[in-house]
Amino acid sequence: MSSKTELGDDFTKVANVDEIERGRGISRTVNGIEIAVFNANGEFYAISNRCAHQQAPLCKAGDKKINAEDTWTDTRGGVNEDACTVSCPWHLWEWDLETGEHLASGKRIGTFDVEVANGEVYVRI
């Protein structure tokens, strides 16, 4: 796809490609819905920004902990690019970025179509 007009009016620009570092995510609100957009190996995925367990913000996965020196890991959750998953920053529930599924519980969160055109990331809600 080369332009927004080819994507259709139901896609909304959420970021420029270079705004979302590889292995990280950002939060956006589109049409009143809070989403997280992740970059895994240069592919972009959009899911609900809230973990179904206790509503933690998934966009914070991989952020540095404020008490990192007292814990066994210095970050909170993160993106596993090889498995195409994100781990919740609160309790490490792992969500599939393509399906929104948490395999251990069978729960799912919303996923959204993503397209990249001219260095811009678009999401369809």
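# A quick tour of a predicted, strand-rich protein

Leu97 is a buried residue, with a relative accessible area of 1%. You're looking at a predicted model, and Leu97 is a handy place to start exploring it. The protein has one helix and eleven strands. Below, we follow Leu97 first, then go through the sheet, the cores and the cysteines.

**Leu97 and its surroundings**

- Look for Leu97 in the loop between β9 (94–96) and β10.
- Which residues does Leu97 contact, once you set aside its neighbours within four places in sequence? They are Phe38, Ala40, Tyr45, Ile47, Val79, Cys84, Thr85, Val86 and Thr111.
- Take Tyr45 from that list: Leu97 and Tyr45 are 52 residues apart in sequence, yet 6.1 Å apart in space, going from C-alpha to C-alpha.
- Cys84, another contact of Leu97, is buried too, with a relative accessible area of 11%.

**The whole protein at a glance**

- Start at the N terminus and the elements run α-β-β-β-β-β-β-β-β-β-β-β.
- Of the 125 residues in the protein, 41% are buried.
- Count the contacts with a separation of 6 or more, and 44% of them come from residues 24 or more positions apart.
- The accessible surface comes to about 6,900 Å², and carbon and sulfur atoms hold 43% of that.

**The six-stranded sheet**

- Six strands form an open sheet, in the order β1-β11-β10-β4-β3-β2, and their pairing is antiparallel.
- Which strands are at the edges? They are β1 (11–16) and β2 (25–30), and each of these pairs on one side only.
- Neighbouring strands in this sheet are turned against each other by 30 degrees on average, ignoring direction.
- As a general point, side chains in a regular strand alternate between the two faces of the sheet.

**Who pairs with whom**

- β1 and β11 run antiparallel and are joined by five bridges. On this seam, Thr12 stands opposite Val123, and Asn16 has Glu120 as its bridge partner.
- β11 (residues 120–124) is also joined to β10 by five bridges, again running antiparallel. Here Glu115 has Tyr122 as its bridge partner, while Ala117 is partnered with Glu120.
- So Glu120 turns up twice in your pairing list: as a partner of Asn16 and as a partner of Ala117.
- β10 and β11 make a hairpin with two residues between the strands, and Asn118 takes a positive phi there, near 50 degrees.
- How many bridges link β4 (residues 43–48) and β10 (residues 111–117)? There are two, and the pairing is antiparallel. Ala46 stands opposite Phe112 in β10.

**Two nonpolar cores**

- The largest nonpolar core has 18 residues. Phe38, Ile47, Cys51, Leu58, Val86, Trp95 and Leu97 are the ones with the most contacts inside it.
- β3 (33–40) and β4 are the elements that give two or more residues to this core, and β3 gives the most, with three residues.
- A second, separate core has 13 residues, including Val14, Phe112, Val114 and Val121.
- Two names should ring a bell: Leu97 is the loop residue we began with, and Phe112 is the residue opposite Ala46.

**Cysteines without a bond**

- Cys51 is buried, with a relative accessible area of 0%.
- Leaving out residues up to four places away in sequence, Cys51 touches Ala56, Leu58, Cys88, Trp93 and Trp95.
- A disulfide, in general, is a covalent bond between the sulfur atoms of two cysteines.
- Why is Cys51 not bonded to Cys88? Because the sulfur of Cys51 is 3.9 Å from the one in Cys88, its closest cysteine sulfur, and that's too far for a bond; the cut-off is 2.5 Å.
- The structure as a whole holds zero disulfides.

**One more buried spot: Ser87**

- Ser87 is in strand β8 (residues 85–87).
- Is Ser87 buried or exposed? With a relative accessible area of 14%, Ser87 is buried, because the cut-off for that is under 20%.
- Not counting residues up to four places away in sequence, Ser87 touches Ala61, Gly77, Gly78, Leu92, Trp93 and Glu94.
- Trp93 is worth finding in the structure, as Ser87 touches Trp93 and so does Cys51.

Definitions and conventions
Residues numbered from 1 in each chain as written. Predicted model: local features only at pLDDT ≥ 70, side-chain atom pairs only at ≥ 80, totals over all residues. Heavy atoms only, no water. Pairing = 2+ DSSP bridges. Helix = DSSP H or I, 4+ residues; strand = E, 2+ residues; numbered from the N terminus. Buried < 20%, exposed > 50% of the residue type's maximum accessible area, 1.4 Å probe, protein only. Contact = heavy atoms within 4.5 Å. Areas by Shrake-Rupley, 256 points an atom, 1.4 Å probe, with all protein chains shown as cover. Axes fitted to C-alpha atoms, helices over the stretch in contact; angles between N-to-C directions. Core = buried A, V, L, I, M, F, W, Y, C linked by side-chain atoms within 4.5 Å.
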